[in-house]
Amino acid sequence: ALGHLTRFTRTSLPKLPLTRHLHRDQTLLAGHSKWQNIRHVKALNDGRKAVLFIKLARQIRLAVQAGGPNPAVNNVLRAAIDEALKKNMPNATIQGILKKCTAQSVELKKYTVEIKALDQVNVICVLYTDRFAQLKMEMATILRKNFALFFDTMHAFDERGFIEAIPPPEVTSDQLDSVCTDHAIETGAEDVEVMDESNRLVRFLCE
């Protein structure tokens with residue numbers, strides 16, 4: 001029996017035109033979309049400024065709630081206003097916050113939330129809000145997405161506070177450490193640290 005012979009025909013594929021893919025981004029097209037770049041940068045900066053102003057406004061509101069709306073007698077409020085001005089918050093905005101705080105009767109309440117995060121990291125959050133239930137629900141969603149949960153972690157922490165002071169002028173720089181150490185021993189402070197040598201700011205760590 002004769003075997004079947006199969007004939008293979010060599011065919012050539014049609015030549016495809018070579019194409020060159022050019023990568024274009026906003027940097028290369030900056031000359032053609034200058035306003036677009038400016039708009040994106042401005043939107044980003046405005047967003048950061050808005051978050052900062054919200055934080056500063058909250059600090060002013062808490063200071064008013066704690067000691068009244070008069071910065072002349074409320075040192076905490078005075079410091080909060082100075083910080084806001086330093087961060088370029090307009091004075092009109094600050095005055096509007098003060099008027100709003102005076103007119104509103106709703107007070108922010110303090111809440112403590114205990115969290116266990118990823119890798120067994122314990123976190124304690126101190127919150128000031130007038131809508132704790134809603135805020136806790138929002139936090140639960142964020143924690144669940146980041147593999148964390150509400151958990152009893154207070155036992156893992158010791159509460160401490162600190163007192164900052166400036167020694168009198170008669171205390172020289174050479175005497176600063178020894179004088180502050182003596183005061184720390186007398187008052188029962190756990191530790192003392194010179195925070196700023198130029199301004200002679202000292203911090204005492206206390207229970």
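Me: At 37% relative accessibility, what does Asp 82 count as: buried, exposed or something in between?
Reply: Keep in mind that this is a predicted model. Buried means under 20% and exposed means over 50%. Asp 82 comes out at 37%, so the label for it is partly exposed.

Me: Okay, and which side chain does Asp 82 meet in a salt bridge?
Reply: Look within helix 2, residues 75-86, for a residue 4 residues apart from Asp 82, about one turn of the helix. That partner is partly exposed too, at 33% relative accessibility. The two side chains meet at 2.8 Å, N to O, and the partner is Arg 78.

Me: How far apart are N and O in the salt bridge of Lys 42 and Asp 46?
Reply: Both residues sit in helix 1, 4 residues apart, about one turn of the helix. Lys 42 is partly exposed at 48%, and Asp 46 is partly exposed at 35%. Their salt bridge, N to O, spans 2.9 Å.

Me: Which residue forms a salt bridge with Asp 130?
Reply: The closest N and O atoms of this pair are 3.9 Å apart, and the cut-off is within 4 Å, so the pair counts. It links distant parts of the chain: Asp 130 is in the loop between strand 2 and helix 4, while the partner is in helix 1, 69 residues apart. The partner is Arg 61.

Me: Which residue of helix 1 gathers with Lys 55, Lys 86 and Lys 87 in a patch of positive charge?
Reply: Patch residues need over 30% relative accessible area and no salt bridge. The residue we want has 40%, so it passes the area cut-off. It lies in helix 1, residues 34-67, and it's Arg 58.

Conventions:
Residues are numbered from 1 along each chain as its sequence is written. This is a predicted model: local features need pLDDT of at least 70, side-chain atom pairs count only at pLDDT 80 or more; totals for chains, interfaces and linings use all residues. Side-chain values use heavy atoms; hydrogens and water are left out. Helices (H or I, at least four residues) and strands (E, at least two) are DSSP runs, numbered from the N terminus. Buried means under 20% relative accessible area, exposed over 50%, partly exposed in between (1.4 Å probe, protein chains only).
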